[in-house]
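Subject: A structure for you to explore

Hi there,

Here is the structure I promised to pass on to you. Have a look at it first, and then read my notes below.

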Amino acid sequence: MTGYRGSASRRSIVKGALAAGISLPAMSAFLTACGSKTSSSGAVKIPSPDNPVTWPLSKANQAIAAGQTPKAGSTLRIYNYADYLSPRVLKDFEAKYGVKIRLSTFNDADEALTKVASKDLKFDLYFPSYDSLGKLIGADLLRPLTHDYLTNYDNLWPSFHDPWYDRGARYTVPYTIYTTGIGWRTDMVDADIAGMDNPYDVLWDTKYAGNMAILDDWHTAMSMVLLRNGIDDINTTSTKDLDLIRTQILDLRSTMRPKVTISMYTDMPAGQYGLAQFWSGDAINTPYYLPKNVDPSVMRYWFPSDGKGEIDNDLVVCLAQGENPVAAHFFMNEILDNDVAGKNFGFTGYQPPLNKFTPSTLVSQGYLPKTLQTAVVEPQDFKVGFPLLQLPAASDTAWHQVWQEFKAGG
Amino acid sequence: MAEADDRRRPPGSRLIWPLLALPGTVWLALLFVAPLYVVVAILFGGTDPILREPVPVWNPLDWDFTQFTYVWDHIVGSRPFFRPALVRTVVYVTIATLGCLLIAYPVAYFTARFAGRWKGVLLAALIAPFWISYMMRMLAWVNLLQTDGLVNRALSAGGLFDVHVDWLQGHAATVVLGLMYGYVPYMILPLYAGLDRAPVRMLEAARDLGASRWETFRRVTWPLSRSAVVVSLLVTALPMLGDYFTNDLLSGSPSTSMIGNLINNSVLTPGQTGQAGAFVLIILVVSVIPMVLYVRSTRSGADLMS
Amino acid sequence: MTNPVAWYRNPWRKPWVLGAVTVGYLLWSLLPVAVAVLFSFNAGRSRVTWQGFSMRWYYGDPLRSVWHDSSLHTALTHTLWLGVLATVITIPLGVAMALGLDRWRGRVPAGANLAVLMSFVLPEILIAVSLLFVATVLVSPLELGTSGQVAGLVTFQLSYPVVIVRARLLTIGRDYEEAAVDLGASPFGAVWRVLLKMLLPAIFASAVLVFADVIDDFIIVRYLSGDSTTEPVSVKVYNTARAAPTPALNALTTLLLVASLLAVSLGFLAFRVLTRGEKNAAGLDVFTGEA
């Protein structure tokens with residue numbers, strides 16, 4: 001009995017496999033017709049400060065008509081990084097317009113792009129950076145903006161009214177500005193990092209092995225290696241530069257045992273490590289998370305004094321898949337309001353590019369201690385700093401492969 | 001015998017069994033078996049040029065082996081940077097499973113044989129971790145293991161020493177202990193079930209005949225519990241293979257990454273989704289082998305198969 | 001007993017070592033959870049330093065407590081809803097499959113058996129990734145969100161009732177059924193009125209196991225989650241623990257703990273009431289597949 005049962009199951013597997021093999025070509029034709037979801041065409045333009053781009057207006061996604069108000073009781077779906085929008089700002093908006101806000105968060109920009117591209121989730125607002133703008137517009141995921149709703153637009157710095165990555169501001173509104181540098185605690189790290197010849201070297205100093213972290217973002221982390229070596233083109237396509245990055249970042253992994261994360265703003269105040277690659281907004285945010293018995297002046301941030309470091313701004317875009325574009329426009333306008341932006345800044349630590357927020361006012365109004373003044377971004381920084389741009393496809397793949405090798409552990 | 005009874009039954013009565021089994025069978029076929037082919041089609045497929053999302057290729061004749069070759073080359077080729085993670089997975093899972101066994105066996109044995117009137121309470125306490133969320137238990141440990149957390153404070157013995165170990169900074173030991181903590185409840189129940197079944201008379205007989213505790217264990221208890229041990233080892237080790245979140249929570253460092261992390265890092269990264277399919281297939285193959293071996297070696301396995 | 005060597009060699013002495021190991025294990029297993037529950041009542045923002053007792057994180061804090069933060073209490077309700085949905089679908093499907101596969105002979109059921117065994121043995125991440133591909137890459141009725149999550153959960157859990165009920169069927173044998181048929185019942189009636197009653201402990205045990213497993217699930221529900229309204233507690237904890245967690249997270253997990261404890265206790269009480277006086281009435285043994 002057992003033998004019969006055993007052989008029947010073996011035979012059934014083989015027969016089933018044969019049947020599957022024979023019918024597969026037929027099935028494949030059917031499935032190709034059923035099709036996959038993503039279908040995009042056309043070349044991708046890559047904007048840069050030397051090569052500004054005016055995006056074509058989408059034919060499929062029309063801008064909404066002016067003069068509408070958000071429908072009370074409707075839902076506004078926002079997709080953003082965790083801890084990147086003040087809960088107070090959201091609650092105030094809900095109360096003011098009677099709209100319910102549903103905030104979903106992501107930890108990783110690549111992952112977010114995949115979810116947005118699937119269009120299932122119908123987000124209204126998304127907070128990317130300009131390095132994915134080409135892909136978003138190429139895949140026709142964005143809705144052109146109706147500027148009639150953006151009455152607070154003049155609050156923005158003049159240099160952001162007509163940005164190089166979106167001439168005419170057809171699709172984007174700037175959200176926050178920040179630099180990427182090095183943050184440390186003076187009570188855990190005794191080096192004078194700001195005074196060093198090449199402060200980036202401290203991230204490879206084995207004295208701090210096991211006591212440091214780098215940012216879990218492939219482009220940000222790998223560009224830091226280039227800047228350490230005096231290479232200014234952080235969007236390089238050169239394979240020689242990429243090999244250099246690979247060697248040094250793998251060396252970092254094995255000698256320094258870094259934590260790879262984006263939670264520096266809570267980890268360092270909690271004393272998990274004393275030295276890390278830092279975003280300026282996170283640095284400004286750290287005093288909030290320090291325990292009561294620790295003096296906020298232990299937190300320090302360094303960025304090149306000549307301004308030649310990584311500098312970026314995040315954006316807000318209106319996704320075409322969303323079902324509440326009117327409320328989306330009202331929200332975009334709301335965060336351009338000086339008071340609301342101030343509240344948001346108080347929570348996130350990330351500076352809004354609004355005229356009212358200058359370095360002196362930020363310190364004098366108590367938004368940040370004097371020791372973190374280096375974390376403030378000024379308009380002229382954008383003239384000399386290096387933004388993280390979108391890379392051409394082949395180069396992007398090569399960079400991602402190095403990052404994959406890094407994250408696979410050694 | 002069965003055939004004689006069948007002739008007495010009304011016609012059409014034999015349809016009831018296939019009808020009962022059909023919904024479940026169709027469900028598994030559509031949602032378990034067929035999606036495995038989708039994984040294969042994506043692994044051997046291409047990527048969309050703009051968003052680099054995966055594009056599946058259904059016809060085996062059109063399959064593109066680039067993604068598979070890329071993964072394979074980086075496991076066995078000249079720059080095998082995926083291999084350390086695979087080796088680490090095997091090492092961590094083996095150590096964690098054996099560690100679980102060392103803890104689970106005495107506990108299960110005690111509960112089965114010596115618990116007496118406390119048996120119900122003990123069983124309830126042992127079952128408790130099943131409905132305490134795994135994440136809650138891991139979160140509890142993350143809080144305790146923080147540099148300013150209770151573990152360091154307890155080890156500092158109230159100021160006698162100054163212990164400031166960074167438990168969460170990429171230590172393999174933390175990850176293995178975390179795996180053990182998370183999965184040991186899965187091992188205790190099957191072990192308990194098996195040990196509970198062991199005839200007490202044999203043990204008492206061995207003792208009466210003068211065997212020492214160790215001899216009794218080695219020559220009577222252990223052989224009787226062997227099949228339960230094998231089942232519990234499988235039930236504990238196999239889920240560990242796909243685990244990535246224990247490593248993410250207890251160690252932010254790439255130096256402790258497992259195959260689950262390789263999958264998690266690539267599955268939603270544009271351009272690397274197909275590679276996730278390759279790792280998934282590796283796990284499939286590795287899991288199926290012990291299962292096949294187990295099924296061939298035990299009668300109960302054969303009964304289950306038919 | 002005064003001679004320590006004799007004491008050590010005595011095969012009938014009390015098992016102090018084993019007992020100590022068991023108690024030690026229970027403490028190691030449950031104390032961290034107790035500490036986490038304790039800190040959910042912390043008055044301050046810290047999860048490691050006690051700053052006084054407060055219900056702030058449950059309902060007090062107007063922005064970040066579980067009551068006021070919609071992402072937190074939605075996670076709780078969504079988890080319980082997934083638990084109920086998945087259990088309600090899995091148990092009938094699984095029990096029917098167990099009954100059918102036990103009696104049906106042929107190549108299709110052999111294949112089905114193989115599929116059940118594989119889904120029981122293979123790591124969850126396989127099902128999660130394959131269904132993620134189906135949901136995102138194919139045009140299919142499967143979507144990210146509750147429908148995708150339930151589909152994945154049922155697929156993963158289906159093998160539990162099948163395995164548990166079949167084990168019990170082997171023990172029961174066919175005598176009762178055949179007796180019922182001899183006494184005039186239809187085959188369907190024999191199953192419904194006789195067999196199912198005898199299988200009740202196994203069905204109940206698998207329902208509790210499936211429910212507990214579903215509300216604890218992480219890998220499948222994370223990959224198949226849509227926006228924040230379809231994030232269960234496990235995903236919320238994972239996302240927040242790697243950012244800036246507050247004791248509200250401890251409060252959320254404590255509430256889930258209480259909810260699942262209530263569910264399991266209610267179910268167990270119901271089971272005791274239903275099988276009162278019957279030979280099959282069993283204690284906690286039923287969870288180990290023994291009853």
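Which way does strand β5 (residues 212–215) of chain A pair with β7(A), parallel or antiparallel, and over how many bridges? The two strands pair in the parallel sense, over two bridges. Please keep in mind throughout that this is a predicted model.

**Chain A: strand β7**

If you want to find the β5 pairing yourself, look for Ala213(A), whose bridge partner in β7(A) is Ala276(A). Strand β7(A) also pairs with β4(A), this time in the antiparallel sense and over five bridges. There, Thr180(A) has Trp279(A) of β7(A) as its bridge partner. Strand β7 covers residues 275–279 of chain A, and five of its five residues are buried, so the strand is largely enclosed by the rest of the structure.

**Chain A: strand β9**

Strand β4 (residues 172–185) of chain A has a pairing with β9(A) too: the two are antiparallel and share eight bridges. One place to see this is Thr179(A), which is bridged to Ile311(A) in β9(A). Strand β3 (residues 125–126) of chain A is also joined to β9(A), by two bridges and again antiparallel. Here Tyr126(A) has Val317(A) as its partner in β9(A). Eight of the nine residues of β9 (residues 310–318) in chain A are buried, which means that this strand is largely enclosed by the rest of the structure. As you look at these strands, remember that side chains in a regular strand alternate between the two faces of the sheet.

**Chain B**

Chain B has 14 helices and two strands. Its radius of gyration is 25 Å, well over the 19 Å that the globule rule gives for 306 residues, so chain B is more spread out than a compact globule. Its C-alpha atoms fill a box of roughly 85 × 75 × 35 Å along the principal axes. Of the 306 residues in chain B, 50% are buried.

One residue to look up is Asp48(B), in the loop between β1 (46–47) and β2 (54–55) of chain B. Asp48(B) counts as buried because it has 20 C-beta neighbours inside 10 Å. Its C-alpha atom is separated by 45 Å from that of Cys100(B), and the two residues are 52 residues apart along the chain.

**Chain C**

The domain assignment of chain C gives domain 1 (4–36) and domain 2 (70–288). The C-alpha centres of these two domains lie 34 Å apart.

Enjoy exploring!

Best wishes

Technical notes:
Residues are numbered from 1 along each chain as its sequence is written. Chains are lettered from A and ligands numbered from 1 in the order in which they are written. This is a predicted model: local features need pLDDT of at least 70, side-chain atom pairs count only at pLDDT 80 or more; totals for chains, interfaces and linings use all residues. A residue is buried if 20 or more other C-beta atoms lie within 10 Å of its own, exposed if 12 or fewer, and partly exposed in between; C-beta atoms are placed from the backbone. Helices (H or I, at least four residues) and strands (E, at least two) are DSSP runs, numbered from the N terminus. Two strands pair if DSSP finds at least two bridges between them. Domain bounds come from an automatic or database domain assignment. The radius of gyration is taken over C-alpha atoms; the globule rule is 2.2 Å times the number of residues to the power 0.38.
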